[in-house]
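Student: Could you take me on a close look at the pockets of this protein? I would like to see them set against the chain as a whole.

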Amino acid sequence: MTTTPAQSTIPVLASEPVLVAIPAAWFLMGADSGQDCERPIHRVWIDAFLLCATQVTNAEYARFLRATGAPPPPFWQDPNFNHPQQPVAGVSWFEAARYCEWLSAQTGRHYRLPTEAEWELAARGGLEQKQFPWGDEPPQSLPNYATRWQTGPEPVARYTPNAFGLFDIGDNVHEWCSDWYDPDYYAVSPERNPRGPEQSLLKPPRKSSRGGSWRHHIKVSRCSARSSIPSEFQYADYGFRVACDC
């Protein structure tokens, strides 16, 4: 008689994300019109890399949870946050980093969180010193802006991507970056492939994040806008997207 293996013995395989090639480039990072931490504007070189077209979804994150037995984020059962194609929300920086480690082990590729500089280059989509991924028009000019993001993030990839093919880059949820956060880092940032300071001098220390949030009054963040929270926090408007080395 043929028997079916117990569910616990069936391996849970990672789903390879859709990756977008971000070409190597110089770009002007920062802005004079934003917060103090966005200054000075400085020229940065970024090597070519790959970035996920969307934020990591609940469906993708569920595979990680089943495979590792890790606890789900605090909003996992909330109907405002648990659609399979919504970005996973409420993950700490540590959980996002562990997801990258698991995905790397599953696929044999080096997945990681993007640096702040990589994220900003990718968000700009080749539009030098424009405020938003589409240009300088205000977010309120976006289709259906007034009716979007009412009770939580929306499913990914519903609207037009930026010029690189990245969806929701600048909105939906804040995205964790790999860097420690230092508001004065731009004054000492290296010209090539900056990766942030060796540690955060803030108390408690903070990790950097980028992009806008469904629960902010202005839902879409400027490309140069910086944000940060302590790495163990699990906020309802924090998610992530993965990068990968070429």
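Tutor: Happily, and let's begin with overall size: in this predicted model, the chain has a radius of gyration of 18 Å, which agrees with the value near 18 Å for a compact globule of 246 residues. The C-alpha trace spans about 70 × 40 × 35 Å along its principal axes. Of the 246 residues, 53% are buried. Turning to the outside, the chain exposes about 11,500 Å², and carbon and sulfur atoms supply 54% of that area.

The fold is built from three helices and ten strands. Read from the N terminus, the elements follow the order β-β-β-β-α-α-β-α-β-β-β-β-β. Contacts reach well along the sequence: among those with a separation of 6 or more, 74% join residues 24 or more positions apart.

Now to the pockets themselves. Rolling a probe the size of a water molecule over the atoms shows where empty space is left. The largest pocket holds about 280 Å³ of space. Its lining comprises 15 residues, and W134, L142, Y159, T160 and P161 are the closest to the centre. Sorted by class, this lining has ten nonpolar residues, along with two polar and three charged ones.

The second largest pocket has a volume of about 150 Å³. You can trace its lining in the view through S15, E16, P17 and V18, then C52, T54, T57, A59, E60 and R63, and finally Q85 and V156. Helix α1, residues 58-68, gives the most to this lining, with three residues. By class, the second largest pocket is lined by five nonpolar, four polar and three charged residues.

One more residue deserves a stop on this tour, and that is R158. You will find R158 in the loop between α3 (116-124) and β6 (174-180). R158 counts as exposed because its relative accessible area is 57%, and the cut-off for exposed is over 50%. For a sense of distance, try R158 together with F49: the two lie 109 residues apart along the chain, and 24 Å separates their C-alpha atoms.

To put the two pockets side by side once more, the largest pocket has about 280 Å³ of space, with ten nonpolar residues in its lining. The second largest pocket has about 150 Å³, and five of its lining residues are nonpolar.

Technical notes:
Residues are numbered from 1 along each chain as its sequence is written. This is a predicted model: local features need pLDDT of at least 70, side-chain atom pairs count only at pLDDT 80 or more; totals for chains, interfaces and linings use all residues. Side-chain values use heavy atoms; hydrogens and water are left out. On a 1 Å grid over the protein atoms alone, a cavity is a set of points where a 1.4 Å probe fits but cannot get out, and a pocket is an open set with protein on both sides within 12 Å along at least five of seven lines; lining residues have an atom within 4 Å of a point. Grid points are joined across faces, edges and corners, and a volume is the space filled by probe spheres set on the points. Ala, Val, Leu, Ile, Met, Phe, Trp, Tyr, Cys and Pro count as nonpolar, Asp, Glu, Lys and Arg as charged, and the others, Gly among them, as polar. Helices (H or I, at least four residues) and strands (E, at least two) are DSSP runs, numbered from the N terminus. Buried means under 20% relative accessible area, exposed over 50%, partly exposed in between (1.4 Å probe, protein chains only). The radius of gyration is taken over C-alpha atoms; the globule rule is 2.2 Å times the number of residues to the power 0.38. Contact means heavy atoms within 4.5 Å. Accessible areas come from the Shrake-Rupley method with a 1.4 Å probe; for residues, only the protein chains shown count as cover.
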